[in-house]
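User: I am new to this structure and would like one part of it described closely. Please take that part first, and then go on to other places in the chain that help me read the model.

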Amino acid sequence: MSAGDRPISVVLAGGGTAGHIEPMLALADALRRRADRGAAVRITCLGTERGMENRLVPARGYELRLIPPVPLPRRPTVDLLRLPGRVWRSVAETRAVLDDVAADVVVGFGGYVALPAYLAARRAGVPIVVHEQNALPGLANRVGARLAARVAVTVPGTPLPRGEHVGMPLRTTISSLDRSAQRPAARAEFGLDADRSTLLVFGGSQGARSLNRAAVAAADALSAAGVQVLHARGPKNTDVTVPPRPAGTAPYVVVDYLERMDLAYAAADLALCRAGAVTVAELSAVGLPAAFVPLPIGNGEQRRNALPVVEAGGGLLVEDADLGAAWIESQLLPVLTDPAALARYAEHAAAAGAPDADERLADIVVSVAAAQR
């Protein structure tokens, strides 16, 4: 079979954390939709035996090939001396996968899996596409961008050479969400009133202590203003409780975890949340404004993730140390009780979003693969 007759072979490297895996799978879904429309595409995902991809990738129906991880020490340790050997082994095994599937393009999303994929692709003469989720790229993507045919970024201004602003590839349950159409059913699903202004509070899958503490402390003020709350406290934070609201007042609904983020977004008028890359991208894609509370640790990337949306007028930014009941009452309540202000924030949030990022990235990948053949 000639190269022109066989399917385009795309190898995706995004294992490790959900922040790498979810955009990888969103791109895979976009490529599979093209295959459903008659384009011949073969998709192979790379991962390691200890990553979340072992559960998530097969569940979505994609082939997963495992390679040795290459964790990069943050400080000089004895592990640093072992790094060249680990890299060599991982690159060799990745190269074998690329040869076996006759890869036409490697797409990397950063993390432990991406670095050996980039190096193996370079050795094999396979073109590389890099996608960076965060405003501050990690080491793997900083290396990959120098070797890549195309570089796609989620946040404008991300410091990578030749970065093209594409946005974050998202699952279609989010990117195609019609919040207005789904709002009545979503609010009914969570036991919320149909017509009250609604605040969504969540701190990621495990919750966030400072968000939990501030929201609960402001519960009475929120209820008194007629604002209802849907609060995902995190499965380990069972001590976070709010006494039942008196009959006829605004509900305050506390859940451990939100299985259906699309319904939570549809139910809400405004969110109080962290500023992880996927969270920021999802909220702007669906046009849900937010008060972003960046993690107070790390390199400040969460603040940078949120800034484009905030600067566009689609949200607010508050430092973790400044978040409390007083801030919610003085800053969020005036917005939550002003329908015109909520509408403006929502409009600006949507303008900052990129709900078609999966298709835009798929266009780049197919173009690079086609040029290789």
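Analyst: The answer starts with a pocket, goes on to a helix that helps to line it, and then turns to strands and single residues.

The model is a predicted one, in which local features need pLDDT of at least 70 and side-chain atom pairs count only at pLDDT 80 or more, while totals for chains, interfaces and linings use all residues. Residues are numbered from 1 along each chain as its sequence is written, and side-chain values use heavy atoms, with hydrogens and water left out.

The part chosen is the second largest pocket, which holds about 200 Å³ of space. A pocket here is an open set of points on a 1 Å grid over the protein atoms alone, where a 1.4 Å probe fits and protein lies on both sides within 12 Å along at least five of seven lines; lining residues have an atom within 4 Å of a point. Grid points are joined across faces, edges and corners, and the volume is the space filled by probe spheres set on the points.

The lining of the second largest pocket has 17 residues, and those nearest its centre are T154, V280, S284, V309 and A352. By type, the lining residues are 11 nonpolar, six polar and no charged, where nonpolar stands for Ala, Val, Leu, Ile, Met, Phe, Trp, Tyr, Cys and Pro, charged for Asp, Glu, Lys and Arg, and polar for the others, Gly among them. Two helices, α11 (277–286) and α12 (301–311), each supply at least two residues of this lining, and the largest share, four residues, comes from α11. Helices (H or I, at least four residues) and strands (E, at least two) are DSSP runs, numbered from the N terminus.

In α12, the buried residues are Q302, N305, A306, V309 and V310. They all lie on the same side of α12, because they cover an arc of only 130 degrees around its axis. That arc is taken from the directions from the helix axis to the C-beta atoms, and buried means under 20% relative accessible area, exposed over 50%, and partly exposed in between (1.4 Å probe, protein chains only). An α-helix has 3.6 residues a turn, so residues three or four places apart point the same way. Among the elements that cover the buried residues of α12 are α11, β12 (290–292) and β13 (315–317), with contact meaning heavy atoms within 4.5 Å. After α12 comes G313, with a positive phi near 90 degrees.

Away from the pocket, strand β8 (residues 198–202) has five of its five residues buried, so β8 is largely enclosed by the rest of the structure. T198, L200 and F202 point one way from β8, whereas L199 and V201 point the other way. In a regular strand the side chains alternate between the two faces of the sheet. Two strands pair if DSSP finds at least two bridges between them; β8 pairs in the parallel sense with β9 (residues 228–232) over five bridges and, again in the parallel sense, with β11 (residues 270–273) over four. F202 stands opposite A232 in β9 and opposite C273 in β11.

Strand β5 (residues 128–132) is likewise mostly covered, with five of its five residues buried. I128, V130 and E132 point one way from β5, and V129 and H131 the other way. Three bridges join β5 to β4 in a parallel run, and V107 has V129 as its bridge partner in β5.

Some single residues complete the picture. V254, in strand β10 (residues 252–255), is partly exposed, with a relative accessible area of 26%, and touches H231, R233, V240 and V242, not counting residues up to four places away in sequence. A102, in the loop between α3 (78–100) and β4 (105–108), has a positive phi near 50 degrees although it is not a glycine, and is partly exposed at 32% relative accessible area. R162, in the loop between β6 (150–153) and β7 (163–165), has a positive phi of about 60 degrees and is not a glycine either; R162 is partly exposed at 46%.
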